[in-house]
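Here is a short tour of a protein model, written with a computational chemist in mind. Have a look at the structure first, and then we can go through a few local features together.

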Amino acid sequence: MSKILISQARVFDGSGAAPFEADVLVEGNRIRTVSRSRLNAEGAQLIDGRNKFLMPGMTEGHAHLSFEAVTATEDLITPPPEEHTLLTARVAKSLLDAGFTSAWGASEAKLRLGVAVRNEVDAGRLPGPRIRAGSLEISVTGGMGDESKLHNPRKGPSIIVDGPEEMRKAVRLCCREGCDNIKLDVSGDPFYPNTPAHTTPMAYEEILMAVETAHAYGRKVNAHTRSIAGTQACLKAGVDMLFHCEYSDEKTLDLFEEAKDRVFVVPTVSLFHTIVKNEAAAIGLTAEVGGYMGIPALLEASVQTHTALRKRGIRHLIGGDYGFAWSKNGTNARDLQFFVDYYGYTPAEALRCATYNGGLAMSRGEDRLGLIKDGYLADLLLIDGDPLSDLSILLKPERMPLIMKDGQLYKNQGSAR
Ligand SMILES: [Zn+2]
């Protein structure tokens, strides 16, 4: 079994505790020992961790691996499957290059894009993070993603269902085709004027059917939910992963708290931040246009809700909705600073969301992830500098000389001796 010893690094173990100097011995794909005293390096490849910060690999909590600089729905529909598969493989690699050793798939533009790339990565034939493959979006007639008109039926990137039986069939289809996570569009969205963010086109019975069906296959359910009614329905129905969740009230927060050992939440604040800060102006989505769309109010609601969820100990993951032209995949670690600025996390707590919480979501059975701890899977980043004093270091690949996934050195620049 291969052995790698990373010596005398400053270890941030993912729990949020203060870093400490330690040796970390990796055997095969697992962390064998974390020791505050020097370990015997015999038979091991030695990596000099002195003056470096060692942390667990990060998890992107809402990955769109088939989105690359998207500006409109056309970018999801138009690419032929062959090109789109290659694009998805490129994006997967860009996440690993950025220190994301895990990606929780939100949804993909075609049903098997995430599945095919996940399978290639798992087989060791393509570089990429650990992937839980997202399904297509499942929506309802007139819901987010239904772009048909009576006079102009149009095949959008979503599966449109009405009623529990159609939902059951759609979820079974996604399970049969290998998706790990089934995506429901429960609420409306500011990009769909017909169904604003506070509306809830999907019915409780449909959500419940999706959850029961997906769980019967051992899969998880993701929900796009911005509305109060949508979020409450998801929490009651047993949805596993909730995205966005801007609007809330006291009852919603209480429901979250009751479910806090079961659910994960990804605020996906980047999309709104970038619009409000005029970073999407090049494609015409100026801050002014964002104002007409109600984005500042949604951002304010996001701050209120997710600050309250942080205080109640709800498990947040970072990331989400990277893959647009103004919010590209590979820059996902921007979320760390957003978590500090918008939701009041400390840098160490934000890193915990990216590592420990992400690992909890991604863990399967005995294969535990997200901590630098004996027995955990060896997904590690060695950083040149201190992210706890400057989180933007994690956006600079040149400051990340080592990326290890599953005990394998994906990247190792200049730290061997
Ligand atoms: Zn999304």
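## Around the end of α6

In this predicted model, G238 comes just after α6 and adopts a positive phi of about 95°. At the N-terminal end of α6 sits a cap, S227. A side-chain oxygen of S227 lies 3.0 Å from the backbone nitrogen of G230.

## How α6 is packed

Helix α6 spans residues 228–237, and seven of its ten residues are buried, so the helix is largely enclosed by the rest of the structure. If you would like to select the buried residues of α6 in your viewer, they are G230, T231, Q232, A233, C234, L235 and A237.

What do these buried residues pack against? Their partners are two helices, α5 (204–216) and α7 (250–258), together with the strands β12 (220–225) and β13 (241–244).

## A cavity lined by two domains

Searching the whole structure for cavities of 30 Å³ or more turns up one. The largest cavity holds about 50 Å³ of space. Its lining draws at least three residues from each of domain 1 (3–57 + 368–412) and domain 2 (58–332).

Which residues line the largest cavity? They are P56, G57, T59, T101, S102, T355, G359, L369, G370, L371, L377 and D379. By class, that lining comprises seven polar residues, four nonpolar and one charged. Strand β7 (100–105) and helix α12 (347–362) each contribute at least two residues to the lining.

Key: Residues are numbered from 1 along each chain as its sequence is written. This is a predicted model: local features need pLDDT of at least 70, side-chain atom pairs count only at pLDDT 80 or more; totals for chains, interfaces and linings use all residues. Side-chain values use heavy atoms; hydrogens and water are left out. On a 1 Å grid over the protein atoms alone, a cavity is a set of points where a 1.4 Å probe fits but cannot get out, and a pocket is an open set with protein on both sides within 12 Å along at least five of seven lines; lining residues have an atom within 4 Å of a point. Grid points are joined across faces, edges and corners, and a volume is the space filled by probe spheres set on the points. Helices (H or I, at least four residues) and strands (E, at least two) are DSSP runs, numbered from the N terminus. Ala, Val, Leu, Ile, Met, Phe, Trp, Tyr, Cys and Pro count as nonpolar, Asp, Glu, Lys and Arg as charged, and the others, Gly among them, as polar. Domain bounds come from an automatic or database domain assignment. Buried means under 20% relative accessible area, exposed over 50%, partly exposed in between (1.4 Å probe, protein chains only). Contact means heavy atoms within 4.5 Å. A polar contact is a pair of N or O atoms within 3.5 Å; within protein, one must be able to donate a hydrogen and the other to accept it, and residues adjacent in sequence count only if both atoms are side-chain atoms.
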